[in-house]
Amino acid sequence: MANAPQHPVGGLELGYARVSTTKQSLERQLDALTAAGLPDERIYLDKKTGAAVDRPGLAKLLEYARPGDTIVAYTLDRLGRNLREVLNLVHDLSKKGIGVRTLADPIPINTADEGMARIAFLLLALFAEMERTFTAERAAHARNVAESKGRHIGRPTAWPDGKIDYARLLREQGNSLGEITSKTGISKTSLHRYLTLATEQEQ
């Protein structure tokens with residue numbers, strides 16, 4: 001992709017794509033940017049997780065961009081991890097005479113335009129932040145419901161070796177998984193994993 005070629009005279013459209021989790025793919029973003037006429041050498045990428053602060057692709061893009069250029073992204077949320085970050089970036093770019101355009105937002109965004117385009121940008125940034133908040137609240141609610149029913153969401157609990165050995169002993173004595181769970185507190189799912197691993201190691 002982009003390798004910072006010599007900047008020609010006149011405004012350019014510069015593409016930017018980012019994935020915020022390891023499970024996401026850049027393919028859809030890159031296809032859209034290519035369809036919009038962006039050549040590979042003018043597309044900048046970041047593949048790190050959304051929690052990562054360092055984004056070398058964006059840094060290179062911002063270093064290369066000049067007044068009159070327009071940064072093109074698939075959607076507005078690709079430009080930042082939260083509302084404040086997006087607003088600050090677009091504000092800084094605007095002061096430098098650099099526009100922002102998105103391809104797949106419900107309302108067309110082009111900050112180089114005046115009036116309604118800028119209002120649309122602010123609304124979409126707000127909606128994106130609201131959706132993040134709602135998603136976090138739904139996840140927290142799901143965890144609370146699961147925990148109230150005795151289920152665990154997240155990484156499996158790491159049990160002490162002594163308790164695992166006790167569970168294996170109980171199994172050898174003919175206890176059912178339910179009985180072992182009652183005596184040790186280890187969930188049936190974890191018990192199955194530990195007991196299967198022990199069997200494989202013995203073979």
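I take buried to mean under 20% relative accessible area and exposed over 50%, with partly exposed in between (1.4 Å probe, protein chains only). The model is predicted, so I accept local features at pLDDT of at least 70 and side-chain atom pairs only at pLDDT 80 or more, while totals for chains, interfaces and linings use all residues. Residues are numbered from 1 along each chain as its sequence is written, and side-chain values use heavy atoms, without hydrogens and water.

Entry on aromatic rings. I searched the whole structure and found 1 aromatic pair (ring centres within 6.5 Å; planes under 30 degrees apart are stacked, over 60 edge-to-face, the rest tilted). The rings of Y44 and Y64 have centres 6.4 Å apart and planes at 35°, so I noted the pair as tilted. Y44 lies in strand β2 and Y64 in helix α2, 20 residues apart. (Helices are DSSP runs of H or I, at least four residues; strands are runs of E, at least two.) I found both Y44 and Y64 buried.

Entry on the core. I looked up the largest nonpolar core (buried Ala, Val, Leu, Ile, Met, Phe, Trp, Tyr and Cys joined through side-chain atoms within 4.5 Å). This core has 21 residues, and L14, L61 and F121 are among those touching the most other members. Helix α3 gives the most to this core, with 4 residues.

Entry on α3. I found E85, V86, L89, V90 and L93 of α3 buried. They cover an arc of only 120° around the axis (taken from the directions from axis to C-beta atoms), which puts them on the same side of α3. R84 and K95, on the other side, are exposed.

Note on methods: Rings of Phe, Tyr and Trp (its six-membered ring) pair if their centres lie within 6.5 Å; planes under 30 degrees apart count as stacked, over 60 as edge-to-face and the rest as tilted.
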